[in-house]
Amino acid sequence: MDSETGLEFPGLVRTARLFGRALLLRCPNCGGGPVLKSWFAMRVRCGKCGIRLERGEHDYFTGSMLFNYIVAGLLLLVALAVTLIASWPNVPWNILQYGGPLAIVVAVVGLFPFSKLIWLAFDLMLRPVTPAELDWHRAEATEWSTERSAAPPEP
Ligand SMILES: [Zn+2]
């Protein structure tokens, strides 16, 4: 990580704003966009504020995949519990046997961009982007560089 800000205790309004923007598939930082190239690919930068969506870190979204699988699994468990309770004692076991795995694949795919933007919102909640970091994101040509260019030599 190369953020110059320390961890910060997030306020409720700012947290709701960050996550609300992510759930609308907008940039959590500015609320603008575009941020998606396609359902499966993020743009390098937000089209409005210029923040690099992986904040310069090559494996930035690894945690978002874990989040994606956990949420998909929880959704499947809720659907399973509701189906069992609603249909007991005539549980449609065949539908659950084949529909469960299919539903989890659909959930993982459906949650894909949301999980990445929620991950970014979570990071921005704890490590807000500073104006200096945003300038660096806008100026940096590469997608994954956490190295800042050296300061100009003293005259
Ligand atoms: Zn933005």
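**Group meeting: a walk from Phe122 into the core**

Okay, let's start with one residue: Phe122 sits in helix H3. Keep in mind that this is a predicted model.

So, is Phe122 buried or exposed? Well, in between. Phe122 has 19 other C-beta atoms within 10 Å, and since a residue needs 20 or more to count as buried, Phe122 gets called partly exposed because of that number.

Now have a look across from there. Phe122 and Ala22 are 100 residues apart along the chain, yet their C-alpha atoms are separated by 9.6 Å.

And Ala22 takes us to the core. The largest nonpolar core is made of 15 residues. Which of them have the most contacts inside it? That would be Ala22, Val35, Leu53, Leu117, Leu120 and Ala121. Two elements each give two or more residues to this core: helix H1, residues 12-23, and helix H3, residues 93-126. H3 gives the most, with six.

Let's pick out Leu117 for a second. If you skip its neighbours within four places in sequence, Leu117 is in contact with Ala22, Leu25, Pro28 and Val35.

As background, nonpolar side chains in soluble globular proteins tend to be buried together.

Okay, zooming out. There are four helices and two strands in the protein, and along the sequence they run α-β-β-α-α-α. Out of 155 residues, 19% count as buried. And how about contacts between residues at least 6 apart in sequence? Of those, 64% join residues at least 24 apart.

That's my tour, thanks!

Terms used: Residues are numbered from 1 along each chain as its sequence is written. This is a predicted model: local features need pLDDT of at least 70, side-chain atom pairs count only at pLDDT 80 or more; totals for chains, interfaces and linings use all residues. A residue is buried if 20 or more other C-beta atoms lie within 10 Å of its own, exposed if 12 or fewer, and partly exposed in between; C-beta atoms are placed from the backbone. Two residues are in contact if their C-beta atoms, placed from the backbone, lie within 7 Å. A nonpolar core is a set of buried Ala, Val, Leu, Ile, Met, Phe, Trp, Tyr and Cys residues joined through C-beta atoms within 7 Å.
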